[in-house]
Amino acid sequence: MPSQKKEAADLIVTNGPILPAPSTSSIVPQGALAVVDGTIVALGPKAQIEELYEARKILDARGGLIMPGLVNGHNHAAMTCYRGIADDLPLMDWLNHYIFPAESKSDGEQVYWGTLLACAEMIRSGTTTFGDMYLFEDQVAEAASKAGMRALVGEVLYDFPSPNYGPIEKGLAYTETLIKRWQNDSLISIAVEPHALYTCSPPLLKRFRDLADRYGVPLIIHLAESKHEVEEVLKTYGKTPVRHMESLGLLSPNLIACHCVWLEEEEMDLLALRGVKVVHNPESNMKLASGVAPIPELLAKGVVVGLGTDGCASNNNLDLFREMDTCAKLHKVHRLDPTVMPSPVILEMATLGGAKVLGLEKEIGSLEVGKKADVIILDLDRPHLQPVYNVVSHLVYSAAGADVRDVIINGQIVMQDRRLLTLDEETILSKIRELREKILLRVAP
Ligand SMILES: [Zn+2]
């Protein structure tokens with residue numbers, strides 16, 4: 001019998017259970033998937049896929065769990081440079097005496113290497129996409145692109161001069177240039193990113209909104225993060241942050257609101273009504289003692305919520321597995337109810353929820369034919385991951401980023417057997433140690 005001609009694929013990932021979406025009912029026990037041009041073209045039982053496809057490259061999962069890459073909805077990637085520089089301080093003390101002095105003399109080179117460090121850490125812990133807000137974002141985009149990571153990035157904008165672009169007029173032009181530069185990129189996209197309501201005046205916010213609308217890109221802001229912010233905004237504008245945003249016409253499905261800790265019931269309804277997307281950053285909110293965001297309530301009202309680490313200086317790591325664990329437990333203890341925020345809900349926030357927040361749900365967030373191959377393989381052959389009764393439970397409560405063994409983004413293998421293929425880790429680490437000396441001088445008393 002002549003063998004039937006097989007379809008050609010660029011990559012086949014095979015030989016492990018596939019969890020395409022956050023429900024255990026979706027598991028393919030012995031699965032495989034085929035990738036062509038960065039896109040998943042087939043997914044199913046191993047025997048079936050291997051019969052239909054042949055590929056130049058086979059990635060053997062060796063029984064590891066094949067699942068969607070994680071989405072870090074809100075990050076300031078380059079802040080890895082400040083990891084552990086100062087902890088356990090009141091917010092304003094921490095900002096004014098450490099973070100702001102360190103940042104005031106930062107430059108594109110520091111941001112580039114800080115972001116590469118973040119990308120190495122994120123890939124190693126299974127994150128394939130991140131949302132970012134910081135300074136010198138052209139360098140963030142370059143670094144993410146070099147790492148082969150998917151990212152939605154944007155320059156932080158506010159009323160006062162920036163160490164990067166100078167006066168705000170240039171900030172708008174800088175953002176516009178970024179949008180045009182990365183318009184047709186397969187991995188990088190750009191957002192317009194006002195910092196917060198207490199750093200951006202109403203006329204400026206409207207201009208940012210208009211710029212985002214003109215190019216059809218998301219608008220990202222820190223919103224209702226702390227009690228202090230609510231008091232400031234109330235004092236200045238006579239309205240709470242969400243109501244202030246509503247009065248400026250800024251609440252829309254295009255808005256990504258990070259934090260949303262301090263919300264009144266009516267404001268939650270308003271966010272749901274306007275289709276605003278929310279990123280929850282539980283570890284940052286806990287470490288800075290900002291409060292507990294009403295995530296169970298927002299989800300119940302139908303708000304789309306993703307999970308983020310926020311910047312590394314207030315976390316102090318970018319491991320979304322740890323973030324998931326913390327997130328689940330925080331809401332349970334806060335409500336004194338162990339049934340809130342069950343593991344599938346948490347995993348959804350870290351995958352498809354994050355993809356929806358960043359406007360990428362048609363491309364990523366789950367493993368489906370037609371979506372991009374952003375795939376991670378988790379080594380289950382580890383003492384802390386056995387036995388397996390419910391793999392989704394393990395992902396939230398037992399796994400750590402270090403259990404991730406292989407990572408594929410847009411069909412490209414960026415980590416294989418825990419070896420980074422797009423980044424030179426040794427060079428990054430030595431560069432970061434050099435930068436540490438310079439940064440220390442800026443914050444020395
Ligand atoms: Zn932030």
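A crossing of two helices is called left-handed if the near helix is turned anticlockwise from the far one by less than a right angle, and right-handed if it is turned clockwise. Keep that in mind for the first two close-ups, and remember throughout that this is a predicted model.

**Close-up 1. Helix 3 crosses helix 15 in the left-handed sense.** Packed helices are described by the angle between their axes and the distance between those axes. Here, helix 3 covers residues 108-124 and helix 15 covers residues 425-443. The two pack at an angle of about 130°, and their axes are 10 Å apart. Angles over 145 degrees would count as roughly antiparallel and those from 65 to 115 as roughly perpendicular, so helix 3 and helix 15 are oblique to each other.

**Close-up 2. Helix 5 crosses helix 6 in the right-handed sense.** Look for helix 5 at residues 168-181 and helix 6 at residues 202-215. Their axes come within 11 Å and cross at roughly 15°. Angles under 35 degrees count as roughly parallel, so that is how helix 5 and helix 6 are described.

**Close-up 3. Four strands make an open, parallel sheet.** Strands of a sheet pair through backbone hydrogen bonds, either parallel or antiparallel. Reading across this sheet, the order is 11-12-13-14. Which strands stand at the edges? They are strand 11 (219-223) and strand 14 (305-307). Each has a single partner strand, so one side of each is left without a neighbour in the sheet. From one strand to the next, the twist averages 25°. Further in, strand 12 (residues 255-259) and strand 13 (residues 277-280) pair over three bridges, in the parallel sense. To find one of these pairings, start at A257 and look for its bridge partner in strand 13, V278.

**Close-up 4. Strands 16, 17 and 18 follow one another through hairpins.** Strand 16 (residues 404-409) pairs with strand 17 (residues 412-416) in the antiparallel sense, over three bridges. I409 stands opposite Q412 of strand 17. Two residues lie between these strands, and N410 in the turn has a positive phi of about 55°. Strand 17 then runs antiparallel to strand 18 (residues 419-420), joined to it by two bridges. In this second pairing, Q416 has R419 as its bridge partner. The second hairpin also has two residues between its strands, and D417 in its turn has a positive phi of about 50°.

**Close-up 5. The largest pocket holds about 790 Å³ of space.** Of its 34 lining residues, L95, F100, E103, H195 and Y198 are the closest to the centre. Which element gives the most to the lining of this pocket? Helix 2 does, with eight residues. Helix 2 (91-104), strand 7 (127-134) and helix 7 (227-237) each supply at least two residues of the lining. Sorted by class, the lining has 18 nonpolar, eleven polar and five charged residues.

**Close-up 6. The second largest pocket has a volume of about 230 Å³.** Lining this pocket are 15 residues, with S189, L358, G359, L360 and E363 nearest its centre. Strand 8 (150-157) and strand 9 (188-190) are the elements that give two or more residues to the lining. Strand 8 gives the most, with three residues. How do the lining residues divide by class? Seven are nonpolar, three are polar and five are charged.

Terms used: Residues numbered from 1 in each chain as written. Predicted model: local features only at pLDDT ≥ 70, side-chain atom pairs only at ≥ 80, totals over all residues. Heavy atoms only, no water. Pairing = 2+ DSSP bridges. Axes fitted to C-alpha atoms, helices over the stretch in contact; angles between N-to-C directions. 1 Å grid on protein atoms, 1.4 Å probe; cavity = no way out; pocket = protein on both sides within 12 Å on 5 of 7 lines; lining within 4 Å. Points joined across faces, edges and corners; volume = space filled by probe spheres on them. Nonpolar A, V, L, I, M, F, W, Y, C, P; charged D, E, K, R; others polar.
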